[in-house]
Amino acid sequence: MPSRSLRVAVIGAGAAGLVAARELRREGHAPVVFERTDDVGGTWVYDDADATASRDPLGARRSNLYASLRTNLPRQSMGFLDFPFAAGPDGDPRTFPGHAEVLRYLREFARRFDLHGLVRLETEVVRVSRDANANSSWRVRYSRKLAGSEKREGEEVFDAVVVCNGHYYQPHVADIAGMDAWPGKQLHSNTYRVPEPFRGQVVVVIGCSVSGMDISRDIAGVAKEVHVASRSAPDATCERLPGHHTNLWLHSMHQAGRPC
């Protein structure tokens, strides 16, 4: 047991926040978990809102998951050491399961270790600062959602703060000349959910990392053409990508003023 029990603010109730709270409590501390949404699970809580209808399709959303997303790590390496990521009786048994299976696992983890009582849902931390009256303490200001659109602000003092709010919430949008004036449909992968809105269209996907390739193949099933622009592809690349989609092409990224 620690020589002194600390009151600890944990920001975020995703995978990192949940396990941090459990370990802190195991060591005799008193964690309080602040979660801005209405559920535990962090980025694994799927939000199926239609991004193409949003007034800000390039902006942040509650979740960055798309409907077809599966893990790119085997489940055997994703679980906590003393709580294996095993398939539930009605779950997804695949080695690389879909996102709903990961959320099921995290919810079960929270239930198994009785963590819900530590979590304040719909409570967003808006400021963290040193306590002017005690250099070893932190003041945490938060906004809590009440009935309807009403919110109530509060502030509490903690001995320590653990930041577990992840780094996938805020999308990074490239600064491309002419982007604001282009009249076509635009959205960030953070807001992509399903391919249907792109049926019969010609689509450009900028970037070919994991999400870029996942989404381009998802869209290729309904789109007329999908063109993936990659800055890592050699200059003048223009080739069809392997696979069963004959309408999926890879191109090198071109700088402004250079011919395509």
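## Strands β8, β9 and β11

Strand β8, covering residues 202-206, pairs with β9 in the parallel sense over 5 bridges. This pairing belongs to a predicted model. Within the pair, Ile206 stands opposite Ala229 of β9. The two strands are also parts of a right-handed β-α-β unit, in which helix α3 (residues 210-220) is the helical element.

Strand β9 spans residues 225-230 and is mostly covered, with 5 of its 6 residues buried. Strand β9 is also joined to β11 (residues 248-252) by 5 bridges, and these two strands run parallel. In this second pairing, Val226 of β9 faces a partner in β11: Val226 stands opposite Leu248. In general, strands of a sheet pair through backbone hydrogen bonds, either parallel or antiparallel.

## The four-stranded sheet

An open sheet of 4 strands is built in the order β3-β2-β1-β7, and its pairing is parallel. Its edge strands are β3 (119-120) and β7 (160-163), each of which pairs on one side only. Strand β1, made of residues 7-11, is linked to β7 by 4 bridges in the parallel sense. Ala9 stands opposite Val161 of β7.

Helix α1 (residues 15-26) lies across three strands of this sheet, namely β1, β2 (30-34) and β7. The helix runs at about 165° to β2.

## The chain as a whole

The protein chain contains 3 helices and 11 strands. Along the sequence these elements follow the pattern β-α-β-α-β-β-β-β-β-β-α-β-β-β. The C-alpha atoms fill a box of roughly 65 × 45 × 40 Å along the principal axes.

The protein chain has 260 residues, of which 40% count as buried. Among contacts between residues at least 6 apart in sequence, 49% join residues at least 24 apart.

## Confidence

The mean pLDDT of the protein chain is 89, and 92% of the residues reach 70 or more. Over residues 255-260 the pLDDT is below 50. Beyond near neighbours in sequence, the stretch 255-260 has 3 contacts in the model.

## Ser63 and its surroundings

Ser63 is found in the loop between β2 and α2. Its relative accessibility is 2%, so Ser63 counts as buried. Leaving aside neighbours within four places in sequence, Ser63 is in contact with Thr43, Val45, Tyr46, Asp47, Asn190 and Arg193.

Ser63 and Tyr169 are 106 residues apart in sequence, while their C-alpha atoms are 7.1 Å apart in space. Another pair, Glu108 and Phe96, is 12 residues apart in sequence and 18 Å apart in space, C-alpha to C-alpha. Glu108 is found in helix α2, which covers residues 99-112. With a relative accessibility of 30%, Glu108 counts as partly exposed.

## Two residues with positive phi

Most residues other than glycine have a negative phi, and most peptide bonds are trans. Glu122 is not a glycine, yet has a positive phi of about 50°. Glu122 is found in the loop between β3 and β4 (123-131). At 28% relative accessibility, Glu122 is classed as partly exposed.

Ala236 also has a positive phi, near 70°, in a residue other than glycine. Its place is the loop between β9 and β10 (238-240). Ala236 has a relative accessibility of 66% and therefore counts as exposed.

## Cysteines

A disulfide is a covalent bond between the sulfur atoms of two cysteines. How many disulfides does a search of the whole structure find? The search finds 0. Cys208 is in no disulfide, and the nearest cysteine sulfur, that of Cys238, is 14 Å away. A disulfide would need the two sulfur atoms to be within 2.5 Å.

Cys208 has a relative accessibility of 29% and so counts as partly exposed. Cys164 is buried, with a relative accessible area of 14%.

Key:
Residues numbered from 1 in each chain as written. Predicted model: local features only at pLDDT ≥ 70, side-chain atom pairs only at ≥ 80, totals over all residues. Heavy atoms only, no water. Pairing = 2+ DSSP bridges. Contact = heavy atoms within 4.5 Å. Axes fitted to C-alpha atoms, helices over the stretch in contact; angles between N-to-C directions. pLDDT = per-residue confidence, 0-100. Buried < 20%, exposed > 50% of the residue type's maximum accessible area, 1.4 Å probe, protein only. Right-handed = clockwise from strand over helix to strand, strands pointing away.
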